[in-house]
Amino acid sequence: MDADIFVPFVFFGFLAAIILVPVLAKERTKRSAHELVSRAMERGQSLDPALVSQLTQNMLEEGNRARKSLGNAVVLLALAGGFLGAGFVIEGYDHDGDVVRGMAVPAIILASVGLAYLALAIIDYSTKKKAA
């Protein structure tokens, strides 16, 4: 395998592993905790109130997706603006004048993902049940 193919493959594989391994480990831990609780309930054992409150606290934190989505949207849109701003700042140092277009590519990608997160946050806020 050539280095032109192998190096990006290793880089993106490493990046995927860094992102996916903690997520999968967290999900496995949650699943095993819930299985343990369900087995204890089947046997008629009493559950520790601290354990129940800890499990419900995690569920409450996950229920606040709209706020996380809005935060992600703000960060990604700011990064997109940063890339565009950097393109305009370093435009004078380039002979060809294509720096703005080159910096616009990651800016457009980040902005589109940021807008998707913003739309998700708006949908989550609008469909969230109001507490009376």
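The following dialogue works through several features of a predicted model of a protein.

Q: Which secondary structure elements does the protein have, and how do they run from the N terminus on?

A: One begins by listing helices and strands and then reading their order along the chain. In this predicted model, the protein has four helices and zero strands. From the N terminus on, the order of the elements is α-α-α-α.

Q: How is the radius of gyration of the protein to be read against that of a compact globule?

A: The value is set beside the one expected for a compact globule with the given number of residues. For 132 residues that expectation is near 14 Å, but the protein has 23 Å. The spans along the principal axes add to this picture: the C-alpha trace extends over about 75 × 50 × 20 Å.

Q: What percentage of the residues of the protein count as buried, and what is the accessible surface?

A: Burial is judged residue by residue, whereas the accessible surface is a total. Of the 132 residues, 15% count as buried. The accessible surface comes to about 10,600 Å², and carbon and sulfur atoms contribute 67% of that area.

Q: What share of the contacts joins residues 24 or more positions apart?

A: Contacts can be sorted by the sequence separation of the two partners. Among contacts with a separation of 6 or more, 61% are between residues 24 or more positions apart.

Q: Where in the secondary structure is D124, and is this residue buried or exposed?

A: A residue is first placed in its element, and its relative accessible area is then compared with a cut-off. D124 belongs to helix α4, which covers residues 99-127. D124 is buried because its relative accessible area is 11%, and buried means under 20%.

Q: Which residues is D124 in contact with, beyond its neighbours within four places in sequence?

A: Leaving out sequence neighbours shows which other parts of the chain meet a residue. For D124, the contacts are R65, A66 and S69.

Q: In which helix do F83, L79 and L70 lie, and how exposed are they?

A: The same two readings apply to each residue. F83 lies in helix α3, residues 65-89, and L79 and L70 are in helix α3 as well. F83 counts as partly exposed because its relative accessibility is 29%. L79 is partly exposed at 41%, and L70 is partly exposed at 33%.

Q: Which residues do F83 and L70 touch?

A: Again, residues up to four places away in sequence are set aside. F83 touches M103, P106, A107 and L110. L70 is in contact with L118, A121 and Y125.

Q: How do separation in sequence and separation in space compare for chosen pairs of residues?

A: The two separations are read together, with the spatial one taken from C-alpha to C-alpha. L79 and A107 are 28 residues apart in sequence and 7.3 Å apart in space. F83 and D124, which are 41 residues apart along the chain, are separated by 28 Å. For D124 and F11, 113 residues apart in sequence, the spatial value is 34 Å. L70 and D4 are 66 residues apart in sequence and 38 Å apart in space.

Q: How many aromatic pairs are there, and what is the geometry of F11 and F12?

A: An aromatic pair is described by the distance between ring centres and the angle between ring planes. The count comes to one aromatic pair. F11 and F12 form this edge-to-face pair, at 5.1 Å centre to centre and with 70 degrees between the planes. F11 counts as partly exposed because its relative accessibility is 45%, whereas F12 counts as exposed at 53%.

Q: How many positive and negative side chains are there, and how far apart do the centres of the two sets lie?

A: The charges are counted by sign, and the centre of each set is then located. The protein has 13 positive and 13 negative side chains. The centres of the two sets lie 16 Å apart.

Note on methods: Residues are numbered from 1 along each chain as its sequence is written. This is a predicted model: local features need pLDDT of at least 70, side-chain atom pairs count only at pLDDT 80 or more; totals for chains, interfaces and linings use all residues. Side-chain values use heavy atoms; hydrogens and water are left out. Helices (H or I, at least four residues) and strands (E, at least two) are DSSP runs, numbered from the N terminus. Buried means under 20% relative accessible area, exposed over 50%, partly exposed in between (1.4 Å probe, protein chains only). Contact means heavy atoms within 4.5 Å. Rings of Phe, Tyr and Trp (its six-membered ring) pair if their centres lie within 6.5 Å; planes under 30 degrees apart count as stacked, over 60 as edge-to-face and the rest as tilted. The radius of gyration is taken over C-alpha atoms; the globule rule is 2.2 Å times the number of residues to the power 0.38. Accessible areas come from the Shrake-Rupley method with a 1.4 Å probe; for residues, only the protein chains shown count as cover. Lys and Arg count as positive and Asp and Glu as negative; His and the chain ends are not counted. The place of a charge is taken as NZ of Lys, CZ of Arg, CG of Asp or CD of Glu.
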